[in-house]
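Subject: Handing over the structure

Hi,

Here is the structure I said I would pass on to you. Have a look at it first, and then read my notes below.

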Amino acid sequence: MAVDNVLTWLESNQDAGINRLCDWLRIPSISTDPKYAPEVRRAAQWCADHLKASGVDAQVRDAVTKDGKPGHPIVFAHVPGDLNYRGPHLLFYGHYDVQPVDPVNLWESDPFQPVVRDARQGEQGGRRVVARGAVDDKGQVMMFLEAMRAWKEVTGKPAGGVKMTIMIEGEEESGSVSLEPFVNATASELRKCDVCLISDTGMLGRGKPAITYGVRGLAYTEVVLHAANQDLHSGLWGGRCPNPITELARVLAQLHDKKRKVTIPGFYDDVVPLSNKERENWKRLKFNAAAALKQIGLQPVADIGETGYTALEREWGRPTAEINGIVGGYTGPGAKTVIPSHASAKVSFRLVADQNPTKVTKAFFKWCKERTPPGCKWEFIDHHGGHGVTTPIDSPAMRAAQRAIKRATGKQAALIKSGGSIPVAGMLKARLGIDTIFMGFGLDDDRVHSPNEKFEIDCYRMGARAHAVLIDELRSL
Ligand code: BES
Ligand code: MN
Ligand code: MN
């Protein structure tokens, strides 16, 4: 059977595939920092070239934001598929941009000089690639790209005859701001797709493959509290006028009540409560919250969050409010007695069905306004937002993905959700009615977004195989 030859091809070309991944990882495609824009474009071109080598006519399309500012390019391609192909028209989505690397001094090697090495003593797992983007998301997109290459090599046909559209963006890590206009402008092409596949999530654990059937939404904001029109001597002015750092802290401290529920009026209004069925299913996954905490250096007592829910329930099924950054005043070396003119915080909300990011952001700003400290003024910034999604678990494509994982890894895929966010999924659902299957192979300890990000070769291998077999499953529908 063709699929056996495809899997053999992947096996014998695995090292070459990892080397190709390393080439891609060497391109510092940090999307949030404008100075890397040329590198971001180079990473897009690299990806398009790789697809071309698999017989796919890939284009690097320019994208613009709502206000007409240039965005990062999107790698886009249609694979027509065999005339007699009967399966779903697949939309593959991934992102080739990466998060910034700081704090750079905590990296064991240059973030953009990938190192392939075995686990050291005390490290779990096996051989791995260490680099920024290793697992999020270049390494995971690479599993798909290599599966595509294998099918082309073995059958001579792009994607082995499966009809698909490919969209790999360069702005996911900065909120996919020009993706929405792109999706709107491309709606007539995208509408033809039946289901979206994303490889940008994790597994239940090492050697425990999973399909993620939902991710949370996100509303990302920044608030600046302004007081005096100048920085002040804290001896002369302290106790006589507002200190914006203190006042901001006082306001933000009210975000959660004693039960760690978010206090913003209406915040929970649209939240779909967890069903007993879902809670039972998750309980059966036997997730060990204490062991997970231990991995990040915390004791079991640190298992805190909204009262009445387990750790998994809080991550997968409940909304949260988080302060992601807070600055003000003097932060340099030594001491300086000053009351600054302003202080600011980045505040974000993870959302679940059916919460609306715009509504949540508005409610938060209104809540801040109602607490404006005497003499102070707010400045509000709405960075970006996206809806959460939940994917039906009984569609033909979902079953095909489950069979693919079983055949490729010998293991039944666990059905999990994730607390992370992938903005495109909400867009595709809201705009085009397209559901997303998240088939990712990351691990909890991959250090996504932090120094020494890694992707284990075993995970990469499972993922490449699963993508190859999924193509076979779709051909056979
Ligand atoms: N791949 C992640 C999201 C993710 C990671 C989902 C692990 C499930 C498991 C994605 O690249 C990401 O980091 N998303 C951002 C959102 C974005 C708008 C900045 C996030 O979740 O913070
Ligand atoms: Mn990602
Ligand atoms: Mn990410």
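In which loop is Ala 159 found? Ala 159 sits in the loop between H4 and E6. Keep in mind as you read on that this is a predicted model.

**Some unusual backbone spots**

I began with Ala 159, whose phi is positive, at about 55 degrees, although this residue is not a glycine. Its relative accessible area is 0%, so Ala 159 is buried.

Ser 176 goes on the list too: phi there is near 50 degrees, a positive value in a residue other than glycine. You'll find Ser 176 in the loop between E6 and H5. With 2% relative accessibility, Ser 176 counts as buried.

Next come two cis peptide bonds. One runs from Asp 102 to Pro 103, with omega near 5 degrees. Pro 103 has its place in the loop between E3 and strand E4 (115-117). In the other, Asp 136 is joined to Asp 137, and omega is about 0 degrees. Asp 137 belongs to the loop between E5 and H4. Remember Asp 136, as the next part comes back to that residue.

**The manganese ions**

What coordinates the manganese ion called ligand 2? The donors are His 95 (NE2), Asp 136 (OD) and Asp 200 (OD), with Asp 200 (OD) listed twice, at 2.0 to 2.3 Å. Along the sequence, these donor residues are spaced H-x40-D-x63-D. His 95 lies in strand E3 (residues 90-95), while Asp 200 lies in the loop between strand E7 (195-198) and strand E8 (210-215), so this pair ties together parts that are 105 residues apart in sequence. Are these two buried or exposed? His 95 counts as buried, at 0% relative accessibility, and Asp 200 is buried with a relative accessible area of 12%. The cut-off to know here is that buried means under 20% relative accessible area.

Why is the arrangement around ligand 2 called irregular? The 6 donor atoms around this manganese ion subtend angles of 58 to 165 degrees, and that makes the arrangement irregular. For six donors to count as octahedral, opposite donors have to be over 155 degrees apart and all others between 65 and 115.

Now for the manganese ion called ligand 3. Asp 136 (OD), Glu 173 (OE), given twice, and His 449 (NE2) coordinate ligand 3 at 2.1 to 2.5 Å. The angles subtended by its 6 donor atoms go from 56 to 156 degrees, so the arrangement around ligand 3 is irregular. The donors of ligand 3 follow the spacing D-x36-E-x275-H along the chain.

Which residue coordinates both manganese ions? Asp 136 does, and the ions are 3.6 Å apart. Asp 136 is in the loop between strand E5 (128-130) and helix H4 (138-155), and Glu 173 is in the loop between strand E6 (164-169) and helix H5 (179-185), so this pair ties together parts 37 residues apart in sequence. Both Asp 136 and Glu 173 are buried.

**Around Val 223**

Val 223 is part of strand E9 (residues 217-226). At 0% relative accessibility, Val 223 counts as buried. Leaving out residues up to four places away in sequence, Val 223 touches several others, among them Leu 248, Ala 345, Phe 364, Cys 368 and Trp 378. Take Ala 345: it is 122 residues from Val 223 along the chain, yet their C-alpha atoms are separated by 5.5 Å.

**Spaces in the protein**

The second largest pocket holds about 260 Å³ of space. Its lining includes Tyr 213, Lys 277, Trp 282, Thr 390 and Leu 415. Helix H9 (residues 276-283) gives the largest share of that lining, 4 residues. Sorted by class, the pocket lining has 6 nonpolar, 3 polar and 3 charged residues.

There are also 4 cavities of 30 Å³ or more. How much volume does the largest cavity have? About 70 Å³. Among the residues lining this cavity are Leu 7, Trp 9, Glu 146, Tyr 460 and Arg 465. Helix H1 (2-12) and helix H15 (457-475) each supply at least two residues of the cavity lining, which divides into 5 nonpolar, 2 polar and 4 charged residues.

Happy browsing!

Methods:
Residues numbered from 1 in each chain as written. Chains lettered and ligands numbered in written order. Predicted model: local features only at pLDDT ≥ 70, side-chain atom pairs only at ≥ 80, totals over all residues. Heavy atoms only, no water. 1 Å grid on protein atoms, 1.4 Å probe; cavity = no way out; pocket = protein on both sides within 12 Å on 5 of 7 lines; lining within 4 Å. Points joined across faces, edges and corners; volume = space filled by probe spheres on them. Nonpolar A, V, L, I, M, F, W, Y, C, P; charged D, E, K, R; others polar. Donors = N, O, S within 2.8 Å, 3.2 Å for Na, K, Ca; no water. Tetrahedral: all angles 85-135°; square planar, octahedral: opposite > 155°, others 65-115°. Buried < 20%, exposed > 50% of the residue type's maximum accessible area, 1.4 Å probe, protein only. Contact = heavy atoms within 4.5 Å.
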